[in-house]
Amino acid sequence: MKSISIKKKVWMGIGLTVLAVMVLSSLLIFFLYERLYVDQQISQFERKGQALAAFYKEEGLTEDFYEFLDWSEETSDAHYVVTEDPMELAGGAPFEDDFGEELISFAERQVLLQGESVYVRREHPRFQQELIGVAIPFIGEDGRLEGAVFISQPLTDLYELFSNVAWWLVLIVTLAGGVILFMGSRLTKQLVGPLLKMKQVAEKMESGDFSARIQLVRSEDEFVLLANSINQLAYSLDQVESNRRVFLANVAHELRTPLSYMIGYIEGMEEGVIDKKKGLTVLTQEANRLNRLVNDLLDLAQLEGDGDTLDKQPLVFAELIREAVDTVRIRADEKLIPIQLDLDEASIVVADRDRMKQVFINLLTNSIAYSNSGHPITITLSVEDGKAKVIVKDTGFGIPEKDVANVTDRFFRVKRGRSRTDGGTGLGLSIVQEIIAKHNGSFELHSIENEGTEIVLTLEEYDG
């Protein structure tokens with residue numbers, strides 16, 4: 001089943017609103033016609049009839065009474081019929097028109113004979129038009145029925161009076177419908193227009209084009225905030241896509257370089273240009289480098305995944321740091337670089353032992369690689385405000401200020417030639433940052449060129 005667009009839904013709502021206004025207006029007109037004209041006219045007939053009945057009770061059918069009757073008839077459009085013969089009432093007269101048709105029924109005459117008022121609203125027996133009227137009995141001083149007055153008027157006369165007002169009401173309703181349609185058109189443009197723009201941008205994003213942006217020229221409202229959020233999402237996705245392309249290019253470059261070396265040495269060995277022993281040594285080094293690169297890429301992919309693959313357990317932090325130091329001790333001794341420790345033995349953290357050990361191995365490997373012989377590396381562990389704080393500091397080459405913000409980017413190297421010679425992949429600090437983030441910790445790097453680098457790690461202390 002095909003879904004209905006928002007624009008059509010809005011216009012359907014507007015149409016239903018206009019229809020509801022028309023129906024309610026029609027009901028209002030009918031109500032006004034019935035209550036303000038018909039019912040009010042009947043009430044007026046009854047008041048005048050009661051006034052005539054009271055006058056008759058005081059004066060009888062005197063000349064003054066007929067003058068009052070003539071005045072009442074002249075000041076209204078109603079027709080007055082008066083009789084003081086109850087027998088005429090019983091026989092149907094005088095409430096007959098000029099053609100002898102009765103204006104009130106036999107049952108209504110019986111009610112009148114009992115001294116009660118009669119209200120009439122029916123179609124005229126001859127002229128096929130609706131008639132309203134009131135028959136008021138004349139009660140004498142002895143309480144007997146002595147006569148009656150019948151006041152009537154065709155509703156066509158009332159309708160002619162009401163029609164002038166009705167046309168104004170129709171005009172007002174029409175104008176109201178026009179205003180609703182106009183406002184609905186503006187509302188549709190303001191509501192649906194931005195949504196259609198967002199839809200177009202979303203479709204471009206779906207097809208892989210993250211350069212499109214939503215431009216809304218209006219005051220700060222929910223649509224502008226939503227548009228800004230979508231623009232920010234598009235920007236973020238554009239950055240992700242750009243990083244993905246750069247990452248793929250870097251991976252291709254990092255793989256191509258050792259493979260090119262390996263192919264070149266293999267060809268040289270086949271042609272006898274390169275000594276086989278030397279060639280095999282280089283091939284082994286490049287194969288090891290490829291192996292480290294692939295392992296680092298797998299580590300990053302695993303760490304950046306949504307799942308939590310860490311095996312976190314409470315562990316003595318100082319003991320783990322010593323294990324990492326022992327792992328890199330041989331390399332440090334080769335460069336005559338002492339590693340000095342100042343560790344709080346009471347510090348316990350909840351962490352994945354292998355991953356956290358990998359953090360310190362990567363940090364120490366970088367410090368050893370970028371320090372001259374004899375320059376010490378210090379590791380300090382302390383507990384402050386329920387947090388374990390580790391500082392790894394060296395006095396090596398340091399990092400230029402312009403490169404500090406980029407050192408955790410994948411494949412970034414401050415000195416690419418030195419890093420490749422030393423076998424670095426450019427992923428070590430990226431892995432460190434991801435591991436610390438998985439442990440809900442913080443990673444800070446401070447460096448001054450030619451003075452050294454300081455890295456500060458912070459983790460929550462175990463409170464069990």
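Which residues in helix 9 meet which residues in helix 11? The views below start there, in a predicted model.

**View A. Helix 9 and helix 11 pack against each other.** Helix 9 covers residues 353–369, and helix 11 covers residues 428–438. On the helix 9 side, the contact uses Arg355, Met356, Gln358, Val359, Asn362, Leu363 and Asn366. On the helix 11 side, Gly428, Leu429, Ile431, Val432, Ile435 and Ile436 meet them. The residues of this contact divide into eight nonpolar, four polar and one charged. Two packed helices are described by the angle between their axes and the distance between the axes. Here the angle is about 145°, and the axes lie 9 Å apart. The crossing of helix 9 and helix 11 is left-handed.

**View B. Four strands form an open sheet with antiparallel pairing.** Read across the sheet, the strand order is 1-4-3-2. Strand 1 (79–83) and strand 2 (118–123) are the edge strands, and each pairs on one side only. Neighbouring strands of this sheet are turned by 20° against each other on average, direction ignored. Strand 3 (residues 130–139) pairs with strand 4 (residues 145–154) over nine bridges, in the antiparallel sense. Look for isoleucine 132, which stands opposite glutamine 153 in strand 4. Helix 2 (residues 63–74) packs on the sheet and touches strand 1 and strand 3. The direction of helix 2 makes about 160° with that of strand 1. Helix 4 (residues 106–113) lies across strand 2, strand 3 and strand 4. Helix 4 runs at about 165° to strand 2.

**View C. Five strands form an open sheet with mixed pairing.** The order is 6-8-9-11-10. Strand 6 and strand 10 (442–448) are the edges, each pairing on one side only. On average, neighbouring strands of this sheet are turned by 15° against each other, direction ignored. Strands of a sheet pair through backbone hydrogen bonds, either parallel or antiparallel. Strand 6 (residues 339–342) and strand 8 (residues 377–384) show the parallel sense, over four bridges. There, aspartate 342 stands opposite threonine 380 in strand 8. Strand 10 and strand 11 show the antiparallel sense, over seven bridges. Glutamate 444 has valine 456 in strand 11 as its bridge partner. Helix 8 (residues 317–334) packs on the sheet, touching strand 6, strand 8, strand 9 and strand 11. The direction of helix 8 makes about 175° with that of strand 6. Helix 9 also packs on this sheet. Helix 9 touches strand 8, strand 9 and strand 11, and its direction makes about 25° with that of strand 9.

**View D. Strand 8 and strand 9 form a hairpin.** Two residues lie between the strands. In the turn, aspartate 385 has a positive phi of about 55°. Strand 9 covers residues 387–394 and pairs with strand 8 in the antiparallel sense, over eight bridges. Serine 382 has its bridge partner, lysine 389, in strand 9.

**View E. The structure holds one cavity of 30 Å³ or more.** About 30 Å³ of space lies in this largest cavity. Which residues line the largest cavity? The lining consists of Phe317, Met356, Phe360, Ala388, Val390, Ile436, Leu457, Thr458 and Leu459. Helix 9, strand 9 and strand 11 (452–460) each supply at least two of the lining residues. Strand 11 gives the largest share, three residues. The lining divides into eight nonpolar residues, one polar and no charged. Met356 of helix 9 and Ile436 of helix 11 return from View A, since both also appear in this lining.

Definitions and conventions:
Residues are numbered from 1 along each chain as its sequence is written. This is a predicted model: local features need pLDDT of at least 70, side-chain atom pairs count only at pLDDT 80 or more; totals for chains, interfaces and linings use all residues. Side-chain values use heavy atoms; hydrogens and water are left out. Axes are lines fitted to C-alpha atoms, for helices over the stretch in contact, and angles run from 0 to 180 degrees between N-to-C directions. A crossing is left-handed if the near helix is turned anticlockwise from the far one by less than a right angle, and right-handed if clockwise. Contact means heavy atoms within 4.5 Å. Ala, Val, Leu, Ile, Met, Phe, Trp, Tyr, Cys and Pro count as nonpolar, Asp, Glu, Lys and Arg as charged, and the others, Gly among them, as polar. Two strands pair if DSSP finds at least two bridges between them. On a 1 Å grid over the protein atoms alone, a cavity is a set of points where a 1.4 Å probe fits but cannot get out, and a pocket is an open set with protein on both sides within 12 Å along at least five of seven lines; lining residues have an atom within 4 Å of a point. Grid points are joined across faces, edges and corners, and a volume is the space filled by probe spheres set on the points.
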